[in-house]
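Here are a few exercises to work through with the model open on your screen. Try each task before you read its solution.

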Amino acid sequence: TNADLMSELQLLNDQLIKTSGLLSRIFSVQYYDTHSVNLFREIVSFPQFIEHEIELVAHVHDTIYFETIIGNEVGFVEIDKIQFQQVLNNLLDNAIKFLKDIEDPHIRLQVSGNNNILELTIEDNGKGFEWIDPHYVFDKYRIGKKENAWLGMGLYLCKKIVEMHHGTISAALSDELWGAKFTISI
């Protein structure tokens, strides 16, 4: 029937998208590991940057509550906007992925600044790190457990990009939302 055919085509399309994303990450990791990648830094209003990115993601995932807290002291920052978008999108995609089947899904982004250090925290009320020790999530090709198994290239790339910005990124369990918590300092 047409409904069965459409269902099969949708399944194939979903698998092609996943395979394309995986291949893209493999090539990105290879490129970052073997080439000197230059940052194209520009001065960006960080509050506007964050709000714009969240607006795009929240529009697609309207069942998730996105909470954004930006300190008044946060202003402009010099970053490679495209590279930083990749970091932010990867962290948000991971949070969304692990909010599946969670009642009242919630993602919080908090940005603060102090002594020329910008700190961005992304936390959620998802499944946290039941699938892997948070100390190892940035390892290249880290394999998770059970149904949440994945190749950890995305977080590896996040770490590489943050370090190119002379920053740090860490992972832990959220004290407040009880899911995953990622903190970037640049």
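## Exercise 1: The surroundings of F46

Leaving aside its neighbours within four places in sequence, F46 is in contact with V74, G75, F76, V77, I79, F84, V111, L118 and L120. Keep in mind as you explore that this is a predicted model.

**Task.** Find out which residues have the most contacts inside the largest nonpolar core, and which elements give two or more residues to this core.

**Solution.**
1. Begin with the core itself: the largest one has 39 residues, and F46, I107 and L120 have the most contacts inside it.
2. Next, list the contributors. Helix 2, strand 3 (76–79), helix 3 (81–97), strand 4, strand 5, helix 4, strand 6 and strand 7 each give two or more residues to this core.
3. Helix 3 gives the most, with seven residues.
4. As background, nonpolar side chains in soluble globular proteins tend to be buried together.

## Exercise 2: The two sides of helix 2

**Task.** Work out which residues of helix 2 are buried and which are exposed.

**Solution.**
1. Helix 2 has 15 residues and reaches 22 Å from its first C-alpha to its last, close to the 21 Å expected at 1.5 Å a residue.
2. Taking buried as under 20% relative accessible area, you should find F46, P47, F49, I50, E53, I54 and V57.
3. These residues cover an arc of only 160° around the axis, so they lie on the same side of helix 2.
4. Turn to the other side of helix 2 and you meet the exposed Q48, E55 and H59.
5. Strand 1, strand 2, strand 3, helix 3, strand 4 and strand 5 are among what covers the buried residues of helix 2.

## Exercise 3: Strand 3 and its partner

**Task.** Determine which side chains of strand 3 are buried, and which residue of strand 3 is the bridge partner of V44.

**Solution.**
1. Side chains alternate along strand 3: V77 and I79 point to one face and are buried, whereas F76 and E78 point to the other and are not.
2. Strand 3 runs antiparallel to strand 1 (residues 42–45), and four bridges join the two.
3. Within this pairing, V44 has V77 as its bridge partner.

## Exercise 4: The open sheet

**Task.** Trace the order of the five strands in the open sheet and place helix 2 on the sheet.

**Solution.**
1. The order is 2-4-5-7-6, with mixed pairing.
2. Strand 2 (65–70) and strand 6 (168–173) are the edges, each pairing on one side only.
3. Helix 2 (residues 46–60) packs on this sheet and touches strand 2, strand 4 (106–114) and strand 5; its direction makes about 180° with that of strand 2.
4. Strand 5 (residues 117–124) and strand 7 (residues 180–185) run antiparallel, joined by five bridges.
5. Here L120 stands opposite I184 in strand 7.

Key. Residues are numbered from 1 along each chain as its sequence is written. This is a predicted model: local features need pLDDT of at least 70, side-chain atom pairs count only at pLDDT 80 or more; totals for chains, interfaces and linings use all residues. Side-chain values use heavy atoms; hydrogens and water are left out. Two strands pair if DSSP finds at least two bridges between them. Contact means heavy atoms within 4.5 Å. Axes are lines fitted to C-alpha atoms, for helices over the stretch in contact, and angles run from 0 to 180 degrees between N-to-C directions. A nonpolar core is a set of buried Ala, Val, Leu, Ile, Met, Phe, Trp, Tyr and Cys residues joined through side-chain atoms within 4.5 Å. Buried means under 20% relative accessible area, exposed over 50%, partly exposed in between (1.4 Å probe, protein chains only). The expected span of a helix is 1.5 Å times one less than its number of residues. The arc is that of the directions from the helix axis to the C-beta atoms.
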